[in-house]
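User: I am new to this structure. Please walk me through the labels, and show how each one is earned.

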Amino acid sequence: MKPRSILFLCIGNTCRSPMAEAIARGLGEDRVTAYSAGLSPTGRISRGTIQALERLGYDPSGLSSKGLDAVPLEEIDTVVSLIGRQGLLFVPARPGVRRIAWKIPDPYGEELGTFLAVARDLERRIQRLYDDARAHRR
């Protein structure tokens, strides 16, 4: 069976969405292909993001700050906006693509504890998303 593809979207693709991408890869193993993008990418991943991921046991390698133009949108099964519903306005709706809006606080410029709290919140939400998907496939 083909792996599911999920896109996490935020503003700068510096903190939240790369964090979600790495967590989704870790939790989804080979069943999920995870991507992240920013509406206005900064071109870098924050040090707090890398530290939080490593502290929680997720591999940050391969993460990069990029825009929607660098993501194969035609392959995406699920789009998750981390900036609420307004983020979904920037990704064209397609039949069969699940669209989810989460409001996740941006930890940019904050202490490591804030990054860890955001990462744990993402971890819980992504795990719940995966659990729901498995329950609906049965």
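Analyst: Start with the element names: helices and strands are DSSP runs, numbered from the N terminus, with at least four residues for a helix and at least two for a strand. Pro95 is found between two such strands, in the loop from E3 to E4. One caution: the model is predicted.

User: What makes Pro95 count as exposed?

Analyst: Its relative accessible area is 82%. Exposed means over 50%, so Pro95 earns the label.

User: How far apart are Pro95 and Gln51 in space?

Analyst: The C-alpha atoms are 37 Å apart. In sequence, 44 residues separate Pro95 and Gln51.

User: Why is Asp77 called buried?

Analyst: Asp77 has 17% relative accessibility. The limit for buried is under 20%, so Asp77 qualifies. Asp77 sits in the loop between helix H2 (47-55) and strand E3 (78-81).

User: What makes the pair of Ser5 and Asp77 a polar contact?

Analyst: The backbone nitrogen of Ser5 lies 2.7 Å from a polar atom of the Asp77 side chain. The cut-off is within 3.5 Å, and 2.7 Å meets that distance.

User: How do you know that Arg16 and Asp106 form a salt bridge?

Analyst: The distance from N to O is 3.7 Å. A salt bridge needs a side-chain nitrogen of Lys or Arg within 4 Å of a carboxyl oxygen of Asp or Glu. Arg16 and Asp106 meet that test. Arg16 lies in helix H1 (residues 16-28) and Asp106 in the loop between strand E4 (98-101) and H3, so this pair ties together parts that are 90 residues apart in sequence.

User: Which labels do Arg16 and Asp106 get for accessibility?

Analyst: Arg16 has a relative accessible area of 7%, so Arg16 is buried. Asp106 is at 41%. Partly exposed covers the range between 20% and 50%, so Asp106 counts as partly exposed.

User: What links Glu21, Arg25 and Lys66?

Analyst: A network of salt bridges links them. In one bridge, the side chains of Arg25 and Glu21 meet at 3.3 Å, N to O. Both residues lie in helix H1, four residues apart, about one turn of the helix. In the other, the closest N and O atoms of Glu21 and Lys66 are 3.8 Å apart. That pair links distant parts of the chain: Glu21 is in helix H1, Lys66 is in the loop between H2 and E3, and 45 residues separate them.

User: Buried or partly exposed: which label fits Glu21, Lys66 and Arg25?

Analyst: Glu21, at 7%, is buried. Lys66, at 17%, is buried too. Arg25 has 26%, so Arg25 is partly exposed.

User: How many salt bridges does the whole structure have?

Analyst: A search finds six.

User: What makes the surface group of Arg55, Arg120, Arg124 and Arg128 a patch of positive charge?

Analyst: Arg counts as positive, and these four gather on the surface. A patch takes residues with over 30% relative accessible area and no salt bridge. Take Arg124, in helix H3. Arg124 is at 48% relative accessibility, so Arg124 counts as partly exposed. Helix H3 (residues 112-137) gives the largest share of the patch, three residues.

Conventions: Residues numbered from 1 in each chain as written. Predicted model: local features only at pLDDT ≥ 70, side-chain atom pairs only at ≥ 80, totals over all residues. Heavy atoms only, no water. Buried < 20%, exposed > 50% of the residue type's maximum accessible area, 1.4 Å probe, protein only. Polar contact = N/O pair within 3.5 Å; in protein donor to acceptor, adjacent residues only side chain to side chain. Patch = residues over 30% accessible without salt bridge, like charges linked within 9 Å, V, L, I, M, F, W, Y side chains within 5 Å. Areas by Shrake-Rupley, 256 points an atom, 1.4 Å probe, with all protein chains shown as cover. Charge placed at Lys NZ, Arg CZ, Asp CG, Glu CD.
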